[in-house]
Amino acid sequence: MKDIMLKIIGKQIYEGQEEEEHMEFVTEGKLYEHEGAIYLSYAESDFSGMEGCTTSLKIIGDKVEMRRFGEAVALDTEMLFEKGKRVKGYYETPYGAIEMEVLTNDVVNDLRPAEASGRLNIDYHISLRGLSESRSRLDIEIM
């Protein structure tokens with residue numbers, strides 16, 4: 001297991017709005033490989049609104065399983081990103097769990113764990129029980 005620094009950039013574009021929301025932060029994380037999968041994990045910050053949570057990513061090729069857990073969420077949140085796949089699940093908010101649907105547009109995995117470097121880019125559409133629809137990008141860079 002390697003200690004690493006991650007630069008995380010999240011962008012959201014809501015339907016009917018021209019401006020996008022942009023969040024960027026740098027945090028410490030962990031990187032390791034196990035049975036053909038790459039694992040990244042990091043503690044969420046106050047800036048992300050999920051302080052007290054840990055996000056863990058399991059990456060196999062262009063398939064990414066995200067799990068968020070900790071004291072800030074009543075339910076663990078799990079999301080699957082695989083190009084062209086539509087997945088239903090639940091997203092934990094400070095107000096409770098909301099049914100969600102995720103359609104992954106693209107996953108680009110350029111991680112090089114042996115060198116502790118690279119990037120992971122996920123482009124997806126998310127619908128939260130008809131309350132909110134947006135296109136999101138999650139860009140993670142090992143610094």
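**Exercise 1. Classify Met-5 by its accessibility and describe its surroundings.**

*Solution.* Step 1. Met-5 has a relative accessibility of 34%, and it therefore counts as partly exposed. The term applies to values between the cut-offs of 20% and 50%. The structure examined here is a predicted model.

Step 2. The residue Met-5 belongs to strand β1, which covers residues 2-14.

Step 3. On the surface, Met-5 joins Val-26 and Met-143 in a nonpolar patch, and together they have about 280 Å² of accessible area.

**Exercise 2. Determine whether Ile-4 is buried or exposed, and list what Ile-4 is in contact with.**

*Solution.* Step 1. Ile-4 is found in strand β1.

Step 2. The relative accessibility of Ile-4 is 8%, and the residue therefore counts as buried. The cut-off for this class is under 20%.

Step 3. When neighbours within four places in sequence are left aside, the contacts of Ile-4 are Thr-27, Glu-28, Gly-29, Lys-30, Leu-31, Leu-40, Ala-116 and Ile-142.

Step 4. One of these partners, Ile-142, is 138 residues away from Ile-4 in sequence, yet their C-alpha atoms are 6.9 Å apart in space.

Step 5. Another partner, Thr-27, lies in strand β2, which spans residues 20-34. Thr-27 has 13% relative accessibility and so counts as buried. Residues up to four places away in sequence not being counted, Thr-27 touches Ile-4, Met-5, Leu-6, Ile-8, Tyr-42 and Ala-43.

**Exercise 3. Explain what the salt bridge between Glu-24 and Lys-7 ties together.**

*Solution.* Step 1. The two side chains meet at 3.5 Å, taken from N to O.

Step 2. Glu-24 is part of strand β2 and Lys-7 is part of strand β1, so this pair ties together parts 17 residues apart in sequence.

Step 3. Both residues are partly exposed: the relative accessible area is 37% for Glu-24 and 26% for Lys-7.

Step 4. A search of the whole structure gives 13 salt bridges.

**Exercise 4. Identify the residues that salt bridges with shared partners join to Asp-123.**

*Solution.* Step 1. The side chains of Arg-135 and Asp-123 form a salt bridge at 2.5 Å, N to O. This pair links distant parts of the chain, as Arg-135 is in strand β10 (residues 132-142) and Asp-123 is in strand β9 (residues 117-128), 12 residues apart.

Step 2. Arg-137 also forms a salt bridge with Asp-123, with 4.0 Å between the closest N and O atoms. Here the partners, in strands β10 and β9, are 14 residues apart.

Step 3. Through shared partners, salt bridges join Asp-123, Arg-135, Arg-137 and Asp-139 into one network.

Step 4. The accessibility classes can now be assigned. Asp-123, at 8% relative accessibility, counts as buried. Arg-135, at 38%, counts as partly exposed, and Arg-137, with a relative accessible area of 33%, is partly exposed.

**Exercise 5. Describe the chain as a whole, beginning with how many helices and strands there are.**

*Solution.* Step 1. The chain has 0 helices and 10 strands.

Step 2. Of its 143 residues, 38% count as buried. The accessible surface comes to about 8300 Å², with 46% belonging to carbon and sulfur atoms.

Step 3. The largest nonpolar core contains 27 residues, and Leu-40, Phe-81 and Leu-120 have the most contacts inside it. Among the residues that Phe-81 touches are Val-64, Met-66, Val-102 and Ile-122.

Step 4. Of the contacts between residues at least 6 apart in sequence, 33% join residues at least 24 apart.

Technical notes. Residues numbered from 1 in each chain as written. Predicted model: local features only at pLDDT ≥ 70, side-chain atom pairs only at ≥ 80, totals over all residues. Heavy atoms only, no water. Helix = DSSP H or I, 4+ residues; strand = E, 2+ residues; numbered from the N terminus. Buried < 20%, exposed > 50% of the residue type's maximum accessible area, 1.4 Å probe, protein only. Contact = heavy atoms within 4.5 Å. Areas by Shrake-Rupley, 256 points an atom, 1.4 Å probe, with all protein chains shown as cover. Patch = residues over 30% accessible without salt bridge, like charges linked within 9 Å, V, L, I, M, F, W, Y side chains within 5 Å. Core = buried A, V, L, I, M, F, W, Y, C linked by side-chain atoms within 4.5 Å.
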